[in-house]
Amino acid sequence: MYSAICGIKIGELRRLRSPNDEAHVTRKRNSGCLLQNHLIPKRQRMDTRFTRGKSAILERSLTRPKTEVSVSAFALLFSEMVQYCQSRVYSVSELQARLADLGQGVGASLLDVLVLREKNGKRETKVLNILLFIKVSVWKALFGKEADKLEQANDDDKTYYIIEKEPLINAFISVPKENSTLNCAAFTAGVVEAILTHSGFPAKVTAHWHKGTTLMIKFDEAVIARDKALDGR
Amino acid sequence: MSRQSNRTTESKKMNSELFTLTYGALVTQLCKDYENDEEVNKQLDKMGYNIGVRLIEDFLARSSVGRCHDFRETADVIAKVAFKMYLGITPSVTNWSPAGDEFSLILESNPLVDFVELPDNHSTLVYSNLLCGVLRGALEMVQMAVDVRFAQDTLRGDNVTEIRMKFIKRIEENLPAGDE
């Protein structure tokens with residue numbers, strides 16, 4: 001998945017730089033490895049997949065017609081994922097950690113594509129704006145609607161909550177009594193955590209049963225301090 | 001623990017990107033967990049099989065498709081009804097074997113592989129192998145044993161994605177021993 005997103009960045013970059021100038025495009029392509037070296041972490045530079053010429057995926061547009069799949073298909077896939085994770089862990093917290101890991105992969109990929117598609121490559125710098133970006137853009141891209149609520153904790157300025165009454169993820173999941181603390185929205189928590197972390201707002205996100213499902217976001221101290229400093233300007 | 005919801009025949013739809021990325025995250029995780037691509041392929045097939053076994057009920061309930069009279073009809077229902085319903089695509093059915101027991105599904109687009117590029121060190125990974133398992137599992141529940149495999153895949157540089165399906169036999173219904 002990582003490589004694919006690199007691909008999108010590079011493809012988009014080419015498109016942005018020279019939308020009409022064909023000759024320029026060809027030139028860029030020939031010197032493609034130079035351009036790419038700037039975008040790819042050092043350890044991957046020599047990987048042939050980046051240097052062997054254009055791949056079809058780089059040429060595809062980022063704004064594509066919206067395609068849809070059935071919710072049942074997703075529910076069945078997600079159920080298999082939960083079962084797979086469950087077969088490899090011993091406790092509920094380990095299971096939630098594994099689901100969150102999977103969610104992180106989704107969040108990291110989604111952030112790149114959304115920022116390019118909807119924000120024209122610009123990223124948020126303020127805590128409130130990134131939270132709104134998640135509540136609105138991310139939620140719409142994932143679930144087709146905004147999140148129900150975004151709240152700040154009364155007594156703590158680094159804690160925020162995203163509340164979803166009936167999350168799509170949990171729609172077809174019934175939690176067994178003996179594991180009543182399990183909330184498979186840990187997966188969504190992983191998505192949100194990756195988006196915040198990769199946007200430069202390191203945070204811990206956990207899923208809880210409260211007013212439906214509540215994702216608790218705890219930002220690092222430094223994030224809040226920086227935000228306050230920015231406010232002071 | 002059945003949940004009574006107002007289930008309609010028309011199934012709910014969602015943006016395919018969450019599905020695509022979730023599947024991507026799953027395959028990535030499997031690649032981390034298993035030693036080699038063959039093991040990952042096998043695991044994907046197994047998960048697909050489990051999905052298929054459950055999916056067929058959902059399919060029969062929603063589609064109101066009756067019993068198929070021959071394999072050709074089965075092929076049409078899979079392509080035109082099932083793929084359309086679950087993945088929003090309609091593959092074409094071609095390349096029938098003379099005996100009529102084997103055909104290909106040609107997928108022009110595959111929602112599972114959006115955003116995906118295979119790294120060189122996973123050349124034997126069959127990324128979408130889950131689909132084979134789903135088809136096998138679902139058909140087994142309607143007493144058909146089939147062999148399903150990917151013949152071509154756009155991820156490996158082929159022009160189209162081709163799933164080859166071969167009819168093996170009709171499964172006789174045997175009640176398990178001791179089960180009256």
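How are helix 5 of chain A and helix 6 of chain A oriented to each other? In this predicted model, the axes of helix 5 (residues 71–86) and helix 6 (residues 92–118) of chain A come within 9 Å and cross at roughly 130 degrees. Angles over 145 degrees count as roughly antiparallel and those of 65 to 115 degrees as roughly perpendicular, with the rest beyond 35 degrees classed as oblique. Helix 5 of chain A and helix 6 of chain A are therefore oblique to each other. The crossing of helix 5 of chain A past helix 6 of chain A is right-handed. Helix 5 of chain A contributes A:Met81, A:Val82, A:Tyr84, A:Cys85 and A:Gln86 to the contact. Helix 6 of chain A contributes A:Leu95, A:Arg98, A:Leu99 and A:Leu102. By class, seven residues of this contact are nonpolar, one is polar and one is charged.

Chain A also holds a sheet. Four strands form it, open and in the order 2-3-5-4, and their pairing is antiparallel. Its edges are strand 2 (149–152) and strand 4 (203–209) of chain A, each of which pairs on one side only. From one strand to the next, the twist averages 20 degrees.

Strand 5 of chain A has a partner on either side in that order, 2-3-5-4. With strand 3 (residues 159–164) of chain A, strand 5 (residues 213–219) of chain A pairs in the antiparallel sense over six bridges. A:Thr159 stands opposite A:Lys218 in this pairing. Further along, A:Ile162 faces A:Leu215 of strand 5 of chain A. Strand 4 of chain A is joined to strand 5 of chain A by seven bridges, and these two strands also run antiparallel. Here A:Thr206 has A:Met216 of strand 5 of chain A as its bridge partner. Strand 4 and strand 5 of chain A form a hairpin with three residues between the strands. In that hairpin, A:Lys211 takes a positive phi near 50 degrees.

Burial follows for the same strand. Five of the seven residues of strand 5 of chain A are buried, so this strand is largely enclosed by the rest of the structure. A helix also packs on the sheet: helix 7 (residues 127–143) of chain A lies across strand 2, strand 3 and strand 5 of chain A. Helix 7 of chain A runs at about 15 degrees to strand 3 of chain A.

Chain B contains four helices and five strands. Along the sequence, these elements follow the pattern β-α-α-α-β-β-α-β-β. Of the 180 residues in chain B, 51% are buried. Contacts in chain B between residues at least 6 apart in sequence include 58% that join residues at least 24 apart.

Chain B has an open sheet of four strands in the order 2-3-5-4, with antiparallel pairing. Strand 2 (92–94) and strand 4 (144–152) of chain B are the edge strands, and each pairs on one side only. The twist in this sheet averages 30 degrees from one strand to the next.

Strand 3 (residues 102–107) of chain B is joined to strand 2 of chain B by three bridges, and the two run antiparallel. B:Val93 has B:Leu105 of strand 3 as its bridge partner, and B:Ser92 has B:Ile106. Strand 3 of chain B also pairs with strand 5 of chain B in the antiparallel sense, over six bridges. In that pairing, B:Leu105 stands opposite B:Ile163. B:Leu105 thus has a partner in strand 2 of chain B and a partner in strand 5 of chain B.

Strand 3 of chain B is mostly covered, with six of its six residues buried. B:Glu102, B:Ser104 and B:Ile106 point one way from the strand. B:Phe103, B:Leu105 and B:Leu107 point the other way.

Two helices of chain B lie across this sheet. Helix 3 (residues 71–87) of chain B lies across strand 2, strand 3, strand 4 and strand 5 (161–170) of chain B. Helix 3 of chain B runs at about 15 degrees to strand 3 of chain B. Helix 4 (residues 130–140) of chain B lies across strand 3, strand 4 and strand 5 of chain B. Helix 4 of chain B runs at about 165 degrees to strand 4 of chain B.

Methods: Residues numbered from 1 in each chain as written. Chains lettered and ligands numbered in written order. Predicted model: local features only at pLDDT ≥ 70, side-chain atom pairs only at ≥ 80, totals over all residues. Heavy atoms only, no water. Axes fitted to C-alpha atoms, helices over the stretch in contact; angles between N-to-C directions. Left-handed = near helix turned anticlockwise from the far one by under 90°. Contact = heavy atoms within 4.5 Å. Nonpolar A, V, L, I, M, F, W, Y, C, P; charged D, E, K, R; others polar. Pairing = 2+ DSSP bridges. Buried < 20%, exposed > 50% of the residue type's maximum accessible area, 1.4 Å probe, protein only.
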